[in-house]
Amino acid sequence: MAARRADRIAVRVQEEVTLLLQRGVNDPRVGPISILGVSVTDDLSVARIRWLPFGGVGHRVAIAEGLKAVAPQLRGPVGRALGIRHSPELRFEIDANVEYAAHMDEVFARLNRSTRPEE
């Protein structure tokens, strides 16, 4: 039952963080990002937010540092919007899965081209 609650909270955290970032934050390093998913621990103490720069554009290190800096400022508004007493700690983590999948697609495409019989 706790896991179901954590899943519901994760969806709401993603919605609220997206809205807050769209409205803008006071850190110029934080550019437009795509939030790919959120997972919340069963005890609701930590929310891990997976992200990538929107359209693949932007300096990832600078954006990551900016997100780390604004995370404490976002925690209060997120908790109030969710109506929970203790808002989870927000941890922004760059999502490498999308890039890894694209890399593997390219590897498979090269293998397919190299093993195809000459016509």
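Buried residues, meaning those under 20% relative accessible area with a 1.4 Å probe and protein chains only (exposed is over 50%, partly exposed in between), make up 31% of the 119 residues in the chain. The model is a predicted one, in which local features need pLDDT of at least 70 and side-chain atom pairs count only at pLDDT 80 or more, while totals for chains, interfaces and linings use all residues. Residues are numbered from 1 along each chain as its sequence is written, and side-chain values use heavy atoms, with hydrogens and water left out.

To get a first overview, it helps to walk along the chain. Three helices and three strands are present, where helices (H or I, at least four residues) and strands (E, at least two) are DSSP runs numbered from the N terminus. Their pattern along the sequence is α-β-β-α-β-α. The chain is more spread out than a compact globule, because its radius of gyration is 18 Å, well over the 14 Å that the globule rule gives for 119 residues; the radius is taken over C-alpha atoms, and the rule is 2.2 Å times the number of residues to the power 0.38. The C-alpha trace spans about 65 × 40 × 20 Å along its principal axes. Of the contacts (heavy atoms within 4.5 Å) with a separation of 6 or more, 60% come from residues 24 or more positions apart.

The strands come next. They form an open sheet of three in the order 1-2-3, with mixed pairing; two strands pair if DSSP finds at least two bridges between them. Strand 1 (33–40) and strand 3 (89–94) are at the edges with a single partner strand each, so one side of each has no neighbour in the sheet. From one strand to the next the twist averages 25 degrees, with axes being lines fitted to C-alpha atoms, for helices over the stretch in contact, and angles running from 0 to 180 degrees between N-to-C directions.

Strand 1 and strand 2 (residues 46–53) run antiparallel and are joined by seven bridges. Here Ile33 stands opposite Pro53, and Val38 opposite Ile49. The two strands make a hairpin with five residues between them, and Leu44 in the turn has a positive phi of about 65 degrees. Strand 2 pairs with strand 3 in the parallel sense over six bridges, and Arg50 stands opposite Glu93 in strand 3. Six of the eight residues of strand 2 are buried.

Helix 2 lies across all of these: strand 1, strand 2 and strand 3, running at about 160 degrees to strand 3. Its residues 60–82 span only 29 Å between the end C-alpha atoms, whereas a straight helix of 23 residues would span 33 Å at 1.5 Å a residue, the expected span being 1.5 Å times one less than the number of residues. A kink of about 45 degrees lies at Ala71, shortly before Pro72; the bend is the angle between axes fitted to the seven residues ending there and the seven starting there. Among the buried residues of helix 2 are Ile63, Leu67, Val70, Leu74 and Val78. Just after the helix, Gly83 takes a positive phi of about 70 degrees.

Finally, Leu20 lies in helix 1 (residues 2–23). Leu20 counts as buried because its relative accessibility is 15%. Leaving aside neighbours within four places in sequence, Leu20 is in contact with Val25, Leu74, Pro77 and Val78.
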